[in-house]
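Me: I have a sequence and a model in front of me. I would like each structural label checked against its definition.

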Amino acid sequence: MNPVYHFTHAILRRPGASVVKGLRAGGGPDPRLEDVLAEHAGYAAALADAGLTLTMLDPLEDYPDAIFVEDPALVFPEGAIVLRPGAPSREAEGEFLRDTLTALFPQVIDLPRGHADGGDVLVMPDKALIGLSARTTREGAEALIEALARLGYRGEIAATPPEVLHLKTASSLLDEETVLSTRALAATGVFAGYRVIEVPEGEEGGANVLRVNDRVLAGTHYPRILDALDAHGLNVVTLPNSAIAAIDAGFTCMSLRWRNGRG
Ligand code: CIR
């Protein structure tokens, strides 16, 4: 079995000028467009460097958050699921991925009802963990479990601490047995059976890192997280992400990744 973080392909969306108006929970100023563009380009280059073939979609100016393609869909080698994120301004984004998904995947399934956001879905070796949040309702999570079963995956619902935007804002899969998690999320017991590396206090903003093939992409500004990843023996690639972080985003949300064939 290939580890769930072995990927050959990814879909990304190039940011348009409207990206600086992306949603943010805590307010704060808009990031500078050139900084978002540079961080996005650096991220795309890092994925290509990790061996992935990229499909780069055109900007969607009417949807400032559309570069976060992970939120309106889920992809697996067996098929894709078009989701319905709970943020009203993002609900329709999946429709703009449908043609691409239909061209690239053997089947495309629609979330039958409710709201579910890919940022709340942590794909682990034995399950897809679905966090309940302001973006993912219980109805949507239960519907997603049905959709996942059609593709041969098991979904499991988890509570997320109230201050967290998404399940994956607070946690990331590092390897087959290990997750990186904030203390608050780990305390819920959701990662029972896994080794948990806790995010050092004060660096909660860096909990979203991306394991892709032999490396982990992580933010430059979280030195103690970088030390912990290093100490765990991981090959860490650091990337600047403060402009993206200003609109509440990290590393997993800017791509949809999957493994094609035996790659
Ligand atoms: C939003 O609030 O929807 C975007 N500004 C950021 C989404 C980031 N997505 C993610 O962490 N999965």
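What follows is a set of short questions and replies, going from the overall fold to single residues.

Me: What kind of model is this, and what limits apply?
Reply: This is a predicted model: local features need pLDDT of at least 70, side-chain atom pairs count only at pLDDT 80 or more, and totals for chains, interfaces and linings use all residues. Residues are numbered from 1 along each chain as its sequence is written, and side-chain values use heavy atoms, with hydrogens and water left out.

Me: How many helices and strands does the protein have, and what makes a run count as one?
Reply: There are 6 helices and 15 strands. Both are DSSP runs, numbered from the N terminus: H or I over at least four residues for a helix, E over at least two for a strand.

Me: Why is the protein called as compact as a globular protein of its length?
Reply: The radius of gyration is taken over C-alpha atoms, and the globule rule is 2.2 Å times the number of residues to the power 0.38. For 263 residues the rule gives 18 Å; the protein has 17 Å, which is close, so the label holds. Its C-alpha atoms fill a box of roughly 40 × 40 × 35 Å along the principal axes.

Me: What share of the residues counts as buried, and what does the word require?
Reply: Buried means under 20% relative accessible area, exposed over 50%, and partly exposed in between, using a 1.4 Å probe and protein chains only. Of the 263 residues, 54% count as buried.

Me: Why is Asp71 called buried?
Reply: Asp71 has a relative accessible area of 2%, so it counts as buried. Asp71 is placed in the loop between β2 (53–57) and β3. A contact means heavy atoms within 4.5 Å. Beyond four places in sequence, the contacts of Asp71 include Arg90, Asp117, His166 and Cys253.

Me: Why is Arg138 called partly exposed?
Reply: Its relative accessible area is 47%, so Arg138 counts as partly exposed. Arg138 lies in helix α3. Leaving aside neighbours within four places in sequence, Arg138 is in contact with Leu132 and Ile157.

Me: How do you know that the span of α1 agrees with the expected one?
Reply: The expected span is 1.5 Å times one less than the number of residues. For the 17 residues of α1 that gives 24 Å, and the end C-alpha atoms are 24 Å apart, so the two agree. Just after α1, Gly51 takes a positive phi of about 105°.

Me: What puts the buried residues of α1 on the same side?
Reply: The buried residues are Val36, Glu39, His40, Tyr43, Ala44, Ala46 and Leu47. They cover an arc of only 160° around the axis, which puts them on the same side of α1. The arc is that of the directions from the helix axis to the C-beta atoms.

Me: How does α3 fare by the span rule?
Reply: Helix α3 (residues 138–150) has 13 residues and reaches 19 Å from first C-alpha to last, close to the expected 18 Å. Its buried residues are Gly140, Ala141, Ala143, Leu144, Ala147 and Leu148. These fall within an arc of 160°, so they line one face of the helix. They pack against several strands, including β3 (73–76), β4 (79–82) and β8 (155–159).

Me: What makes β3 and β5 edge strands?
Reply: Two strands pair if DSSP finds at least two bridges between them. The open sheet has 3 strands in the order β3-β4-β5, with mixed pairing. Each of β3 and β5 has a single partner strand, so one side of each is left without a neighbour in the sheet. β3 and β4 are antiparallel over 4 bridges, and Leu74 has Ile81 in β4 as its bridge partner.

Me: How do you know that β13 pairs with β14?
Reply: 4 bridges join β13 (residues 215–219) to β14, and the two run parallel. Leu217 has Val237 in β14 as its bridge partner. The sheet order is β12-β13-β14.

Me: Why is β1 called mostly covered?
Reply: In β1 (residues 9–13), 4 of its 5 residues are buried. With β2, β1 forms 5 bridges in the parallel sense. Ala10 stands opposite Leu54 in β2.
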